[in-house]
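Student: Could you take me through one part of this model up close? I'd like a connected account rather than a list.

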Amino acid sequence: MNRNLAIVVLLTSTAALAGCKTTAPEELPPQQATVTPAATPTPTPTTGGPVLGTQGHFVNAVNGQNIIYFDTDRYNIDSADAAALQMQAQYLMQNAAITVTIEGHADERGTRDYNLALGERRANSAKNYLVGLGVPANRIATVSYGKERPVALGSNAEAWAQNRRAVTVVIN
Amino acid sequence: MKKLLVVFSLIFAAPLAAQDLGSAPPPVEQVEVLEDQGGLTGSVTDTSDWQDLGIAIAGFAADRDQPTAANASGTAALGKELARVITADLRNNGLFKPTGPDGLPQPSFAQVTAPEWASWTNRSAEMLVHGYVKAGADGRLTVGCYLYDVALKSELVRQGWVVPARDWRRAAHKCADLVYSRLSGESPFFDSRIAYIAETGPKDNRTKRLAIMDSDGANHRFITTGRSTALTPRYSPDYRKLLYLSYVDGNPRIYVYDIGAGKQTLVTQSSNPTFAPRWSPDGRSILYSMAVAGNTDIYRVSADGGQSTRLTNAPGIDVGGSYSPDGSKIVFESDRSGSQQIYVMDADGSNQKRVSFFGGRAATPEWSPRGDQIAFTHIAGDFRIAVMNPGGGGLRFLTDSWQDEAPTWAPNGRIIQFFRTERNSGRTSLWQVDLTGRNERRLDTPADASDPAWGPILP
């Protein structure tokens, strides 16, 4: 039942992206600064690298694809987003103890309330896609920051493209 | 699995223990209006264009110089301060050409009711303001305000108020309101307050604090400490409560802050994000927007809490909302047509109709307290403050800058306040513009400032 629903959601979001081209930002924004070296008793699968259960471990495992980007006022998952979310889903399926928050963001060229709603939409769009790929919904929280937390500081198209994003963050 | 659920319930349960509140500001007190002193109703000689009307505001006279908590130098010095506040009110809004008490003759107490006309006729001031201040034994102040027509040598209006010493500026604002209303025929607006968000820090790590101040920027006070982001405040019509958004529990949620009690509660018990709070004109209802599974709709809840009513259900973002002054209609924003546009519905959510059809996007509508206009943010490349009538006609742009947004009305519906964002730096400031669009000015704030919300005239 759950799975059927998930497929429907996945199909819906995939259908929504048809004919929409991707505008990937020129350069990737810096990694989340929220990485904390929380000491977990989980045995480390790798030596020297970040520990499972940390943001660093997740970001490494998905090749930095923990962030997806959106066009102005849009929230559909395009092919680049889908590829990134598939990597994230794979990681989450393999590490069943990991829970995440998806942070939805908007660029500064929107009004405040609308951007809060838009960020929520983007975070849920990413969440629905992950759920569609089989990640249990109760392992994914969402939060919208609207235009409150830009990563690119300029007021130009490149900066705005980097700020219209959904960031998947491991909950420690 | 069980462990996971525990983790999530910890995240989603609002930890109300987390607080971001500073010390509570004093509650608003009612100003006592003195019994009618036999005010007159003369006619104004100069009816050409009151925006160019010269007004001389002399220092208010003290019956005798007494100590007062309102001024370290006593009531005589306070009298001059009162006149300065009135002058700044009348000047800063581009309405008149006022001349302050410095450099003007100081009337004696007896001259307040019998001006010495000879010293006022040659000052290119058509109007003259006199007043007095007395300190009572209880520490309260009695302030009288008189407006005279210099050419007619007659009194136009007078009024008096009794205020606690700490509210002395309110007596000055009441006098400025009296003068403004008598000369313009408009409703008063100076004796009112503004809630807004004070911003500091770099663009990618802004500290945003809820703050309040008088309409002229005085009596500034922070409500939150800045530990968590605060956004979009709204004063209740009686000034006893503030609605605002806080990330204090990690998620965007609307809180109702009780100013007298210094405490706050969630507007609704829900794990969903809530934002864009608004009061109904009678203060009995609250509108808020809530996203459920990513879809945002507008809800109404009693100010006392209880069950919420969902007012919109279109697929798409329905957000904000501003009541018509009679409470019968709500103007709101929706992107159901593909982009942000303005819609009007009945207060129960029925009869939703789009009213903005002039190209570009239209956002953040606010119904004028007079009912005749809707102010909003027009987006077509740049963000500009504009007004239209409630049917969507009569579009007029009031500002022209890179990013002006979030208009809020003065209590009398003649002036609009908004915030302006500077390109690249992201710095923000509060501005006012009148309905002609000609008189625009920046409001002084101790830090950068956004999300202004102008309250009604104080009691």
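Student: Which residue follows α3(B), and what is the sign of its phi?

Tutor: Keep in mind that this is a predicted model. The residue after α3(B) is B:G185, and its phi is positive, near 80 degrees. Now back up into the helix itself, which covers residues 168-184 of chain B. With 17 residues at 1.5 Å a residue, α3(B) should span 24 Å, and its end C-alpha atoms sit 25 Å apart, so the length agrees with expectation. The helix is also mostly covered, with 15 of its 17 residues buried.

Over in chain A, strand β3 (residues 140-146) is mostly covered as well: seven of its seven residues are buried. That goes for both faces, with A:I140, A:T142, A:S144 and A:G146 on one side and A:A141, A:V143 and A:Y145 on the other. Strand β2 (residues 100-105) of chain A runs parallel to β3(A), and six bridges join the two; one of the pairings puts A:V100 opposite A:I140. Add helix α4 (residues 112-132) of chain A, and β2(A), α4(A) and β3(A) form a right-handed β-α-β unit.

Parts of that unit turn up again where the chains meet. There, 26 residues of chain A are in contact with 35 residues of chain B. On chain A's side, the elements giving two or more residues are α4 and β3, and α4(A) has the largest share, 10 residues. By class, that side of chain A has nine nonpolar, eight polar and nine charged residues.

Note on methods: Residues are numbered from 1 along each chain as its sequence is written. Chains are lettered from A and ligands numbered from 1 in the order in which they are written. This is a predicted model: local features need pLDDT of at least 70, side-chain atom pairs count only at pLDDT 80 or more; totals for chains, interfaces and linings use all residues. A residue is buried if 20 or more other C-beta atoms lie within 10 Å of its own, exposed if 12 or fewer, and partly exposed in between; C-beta atoms are placed from the backbone. Helices (H or I, at least four residues) and strands (E, at least two) are DSSP runs, numbered from the N terminus. Two strands pair if DSSP finds at least two bridges between them. A crossover is right-handed if, with the strands pointing away from the viewer, the path from the first strand over the helix to the second runs clockwise. The expected span of a helix is 1.5 Å times one less than its number of residues. Two residues are in contact if their C-beta atoms, placed from the backbone, lie within 7 Å. Ala, Val, Leu, Ile, Met, Phe, Trp, Tyr, Cys and Pro count as nonpolar, Asp, Glu, Lys and Arg as charged, and the others, Gly among them, as polar.
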